Amino acid sequence: MKELAGRLAAVDPDAGAAVAVIAYFDRLVETRAGLEALVRGAAVLAGCAARLVDEERWVRLRVEPDGRRTDTVGGPAPGWPGAPLVPGGPPALWLEREGADGPSVVDAVILERASAAVRSVLDRTRGRAPGPPVDDPALVETVLEAGAPLPARLHAARGLGLDTADPAARFRAVAVADGPPRIVPDGPPPVLPPVPAPGLPTGRAGVGPAVAVADLPRSWAAARTALRFTADGGSPEPAGPPIVHADELGGVALLAGLVVPGAEPAPDVRAVQAAAADAPWMLRTLHAVASTASLRAAAAEINVHHSTLQDRLTHAEHLLGWSVRTPQGRFRLQLALTMRHLMESQ
């Protein structure tokens, strides 16, 4: 192929370059190159930045012509040449070439070969893009049901378009407040945009760890635990994280197994409840002290003067029965507030 490209280049430079492009991407496919390598190849060969965006599978990559990855936000410019990942679909891979009157022969070949290679990698590693069956609640529930036989769960997963053949494919279960469960594909941090993201809700949700399809019931159990740690910040409660990842809870997740909603509260929780009933500012003040690095930061968090916070804490400590200005006291307060939250969550 290299010799053929050289001969063609002597007669027709564009034809020789096109053959070289085909050979280049064929080698990448043979070595099972990843998405970043394919986009980098397109950028280097084209001599301009290349961008790949597949919102349904949480993929967003941008590579400069010198090979540096510099992911950015924002949509493509109208004049950029692009190619879809599926025939008849919208463009998903672009060459950031300004002022071009349509793609050149070489650009067209780069886009065609790169998009085909990208589609193959995405289908292999993240499953096919979700279609109508992905929202079937019966299939989702079967995949997440720990008591269902494994063959039945795998069959349901294939009906959802999940890749059950690739041992490297990973997915996360998502527990949504007042909504049906969801399953979303996983990817490395650079591929996952900040939440809210495609596949994730905008309200309260717990996200389970990334696992293989067969282990999704475990991810679902962790997602439901994480959901209990979320908060919507509704008055009079202070704001809290609306989306919590089980991976980030660490040992704190063990509290969820010890605190049962509606059970008799622990003494420290009763102390917090009594203090909260004493003054409308109490809960926001205690949460600020427990969740910030210093008392001055806590005062700024609730927009009060430092001396006002000191007066509030003196009153709060009298009601609680312990100091919240020491590391031990703040940790005790954090536990009490967390247990109180878990008692009221489902």
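The paragraphs below lead through a predicted model of a single chain, from its overall make-up to its sheet, its helices, its cores and a few individual residues.

Taken as a whole, the chain contains 13 helices and eight strands, and buried residues account for 41% of its 346 residues. Its accessible surface comes to about 17,400 Å², with 58% of that area belonging to carbon and sulfur atoms. When contacts are restricted to residues at least 6 apart in sequence, 58% of them join residues that are at least 24 apart.

A convenient place to begin is the open sheet formed by four strands in the order E6-E5-E7-E8, in which the pairing is mixed. Its edges are strand E6, residues 182-185, and strand E8, residues 243-245, each of which pairs on one side only. From one strand to the next, the twist averages 25 degrees. Strand E5, residues 171-176, runs antiparallel to strand E7, residues 205-207, and three bridges join the two; within this part of the sheet, Val 174 stands opposite Val 207 in E7. Helix H7 packs on the sheet and touches E5, E6, E7 and E8, while the direction of H7 makes about 40 degrees with that of E5.

E5 also pairs with E6, again in the antiparallel sense, over four bridges, and here the bridge partner of Arg 172 is Val 184 in E6. E5 and E6 form a hairpin with five residues between them, and Asp 178, which lies in the turn, has a positive phi of about 60 degrees.

Within H7, which spans residues 216-228, one residue worth following is Thr 225. Thr 225 is partly exposed, with a relative accessible area of 23%, a value that does not fall under the 20% limit for a buried residue. Leaving aside residues up to four places away in sequence, Thr 225 touches Ala 253 and Ala 256. Thr 225 and Val 244 are 19 residues apart in sequence, and their C-alpha atoms are 9.5 Å apart in space.

The nonpolar cores come next. In soluble globular proteins, nonpolar side chains tend to be buried together. In this model the largest nonpolar core has 31 residues, of which Phe 25, Leu 35, Leu 52, Leu 95 and Ile 110 touch the most other members. At least two residues of this core come from each of H2, H3, strand E1 (50-54), strand E2 (59-63), strand E4 (91-95) and helix H4 (105-125), and H4 provides the largest share, nine residues. Apart from this core lies another, of 22 residues, among them Ala 279, Leu 286, Ala 316 and Trp 322.

Leu 286 leads on to helix H10, residues 282-291, which is mostly covered, since seven of its 10 residues are buried. The buried residues are Met 282, Leu 283, Thr 285, Leu 286, Ala 288, Val 289 and Ala 290. They pack against helix H9 (267-278), H11, H12 and helix H13 (327-344).

Phe 25, already named among the residues of the largest core that touch the most other members, takes part in an aromatic pair as well. The structure holds one such pair, formed by Tyr 24 and Phe 25 in an edge-to-face arrangement, with 5.5 Å from centre to centre and 90 degrees between the planes. The partners differ in how far they are covered: Phe 25 is buried, with a relative accessible area of 1%, whereas Tyr 24 is partly exposed, with a relative accessible area of 25%.

Two loop residues deserve attention for their backbone angles. Most residues other than glycine have a negative phi. Arg 32, although it is not a glycine, has a positive phi of about 55 degrees; Arg 32 is found in the loop between helix H2 (13-30) and helix H3 (35-46), and is exposed, with a relative accessible area of 55%. The phi of Asn 303, also a residue other than glycine, is positive and near 60 degrees. Asn 303 has its place in the loop between helix H11 (295-301) and helix H12 (306-320), where Asn 303 is exposed, with a relative accessible area of 71%.

Note on methods. Residues numbered from 1 in each chain as written. Predicted model: local features only at pLDDT ≥ 70, side-chain atom pairs only at ≥ 80, totals over all residues. Heavy atoms only, no water. Buried < 20%, exposed > 50% of the residue type's maximum accessible area, 1.4 Å probe, protein only. Contact = heavy atoms within 4.5 Å. Areas by Shrake-Rupley, 256 points an atom, 1.4 Å probe, with all protein chains shown as cover. Phe/Tyr/Trp six-rings, centres within 6.5 Å; stacked < 30°, edge-to-face > 60°. Pairing = 2+ DSSP bridges. Axes fitted to C-alpha atoms, helices over the stretch in contact; angles between N-to-C directions. Core = buried A, V, L, I, M, F, W, Y, C linked by side-chain atoms within 4.5 Å.
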